[in-house]
Amino acid sequence: MINMASSRHRQKGLSSAGWIAVAGFFGLLVITFFKVFPMYYENFKIKSTLEKMEQDTSLDVKSKRAIWESMKKRLFVDEVLSITREHVTMTRKDEKTTITVSYETRDDFIGNLFIGARFTETVVIDR
């Protein structure tokens with residue numbers, strides 16, 4: 001009994017394998033963050049663009065072409081190049097224009113694995 005108790009008190013901290021496992025886990029978290037953050041940052045820029053379009057009183061909300069041109073310019077300035085006209089739907093009903101941006105984004109993760117996300121953002125302009 002005394003021998004087991006004394007050997008238990010000799011070890012202090014993690015073994016080398018334990019440290020490698022902890023470092024690997026935190027490394028995986030860091031890689032995941034750097035892969036996922038740009039996706040959500042791009043979505044934040046799209047949300048911001050839609051909010052600015054809602055507040056822009058000079059925008060002709062009756063013209064789909066005017067809406068798309070304005071959105072395209074704003075997205076270009078924000079360096080969002082992945083959104084195309086196919087991702088944007090515009091409907092007008094009862095003096096309200098609804099603009100919806102729906103898209104999917106993917107990025108390589110590790111090896112042949114990828115991380116993907118699907119986003120849908122909508123704004124209603126009442127004019």
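1. Let's start with one residue in this predicted model. Asp-94 has a relative accessibility of 64%, so it counts as exposed, since the cut-off for that word is over 50%. Look for Asp-94 in the loop between β1 and β2. Its backbone deserves a glance too: phi of Asp-94 is near 55 degrees, which is a positive value in a residue other than glycine. As background, most residues other than glycine have a negative phi.

2. There is another residue to set beside it. Glu-79 has phi near 60 degrees, again a positive value in a residue that isn't glycine. You'll find Glu-79 in the loop between α3 and β1, with β1 covering 88-93. With a relative accessible area of 64%, Glu-79 is exposed.

3. Now step back to the whole chain. How many helices and strands does the protein chain have? The count comes to three helices and three strands. Reading from the N terminus, the order is α-α-α-β-β-β, so the helices are listed before the strands.

4. Is the chain a compact globule or more spread out? Its radius of gyration is 25 Å, while the globule rule gives 14 Å for 127 residues; the value is well over the rule, so the chain is more spread out than a compact globule. You can also picture the box that the C-alpha atoms fill, which is roughly 85 × 30 × 25 Å along the principal axes.

5. A few whole-chain values go with that picture. Of the 127 residues, 27% count as buried. The protein chain exposes about 9,500 Å², and carbon and sulfur atoms supply 59% of that area. Take the contacts with a separation of 6 or more: residues 24 or more positions apart account for 53% of them.

6. On to charge. The protein chain carries 20 positive and 16 negative side chains. The centres of the two sets lie 7 Å apart. Searching the whole structure turns up five salt bridges, and the next points go through some of them.

7. Which residue forms a salt bridge with Asp-56? It is Arg-74, and the closest N and O atoms are 2.8 Å apart. Asp-56 sits in the loop between α2 (16-55) and α3, whereas Arg-74 is in helix α3, so the pair ties together parts that are 18 residues apart in sequence. Asp-56 has 19% relative accessibility and counts as buried, because the cut-off is under 20%. Arg-74, at 22%, is partly exposed. It's worth keeping both percentages in view when you read those two labels.

8. Helix α3 has another residue to look at. Ser-70 lies in this helix, which spans residues 64-77. Is Ser-70 buried or exposed? At 14% relative accessibility, Ser-70 counts as buried. Leaving out residues up to four places away in sequence, Ser-70 touches Met-53 and Leu-59.

9. Next, a group of charged residues. Glu-104 and Arg-106 meet through their side chains in a salt bridge, at 3.2 Å from N to O. Glu-104 also meets Arg-118 in a salt bridge, with 2.8 Å from N to O. This second pair links distant parts of the chain: Arg-118 is in strand β3 (residues 114-126) and Glu-104 is in strand β2 (residues 96-108), 14 residues apart. Put together, Glu-104, Arg-106 and Arg-118 are linked in a network of salt bridges.

10. How open are the members of that network? Glu-104 counts as partly exposed, at 40% relative accessibility. Arg-106 is exposed, with a relative accessible area of 54%. Arg-118 is exposed as well, with a relative accessible area of 66%.

11. Last stop: Asp-108, which also lies in strand β2. At 55% relative accessibility, Asp-108 counts as exposed. Which residues is Asp-108 in contact with, leaving aside its neighbours within four places in sequence? They are Lys-35, Leu-113 and Phe-114. For a sense of scale, try Asp-108 and Val-61: these two are 47 residues apart in sequence, and their C-alpha atoms are 38 Å apart in space.

Notes. Residues numbered from 1 in each chain as written. Predicted model: local features only at pLDDT ≥ 70, side-chain atom pairs only at ≥ 80, totals over all residues. Heavy atoms only, no water. Helix = DSSP H or I, 4+ residues; strand = E, 2+ residues; numbered from the N terminus. Rg over C-alpha atoms; globule rule 2.2 N^0.38 Å. Buried < 20%, exposed > 50% of the residue type's maximum accessible area, 1.4 Å probe, protein only. Contact = heavy atoms within 4.5 Å. Areas by Shrake-Rupley, 256 points an atom, 1.4 Å probe, with all protein chains shown as cover. Lys, Arg positive; Asp, Glu negative; His and termini not counted. Charge placed at Lys NZ, Arg CZ, Asp CG, Glu CD. Salt bridge = Lys/Arg side-chain N within 4 Å of Asp/Glu carboxyl O.
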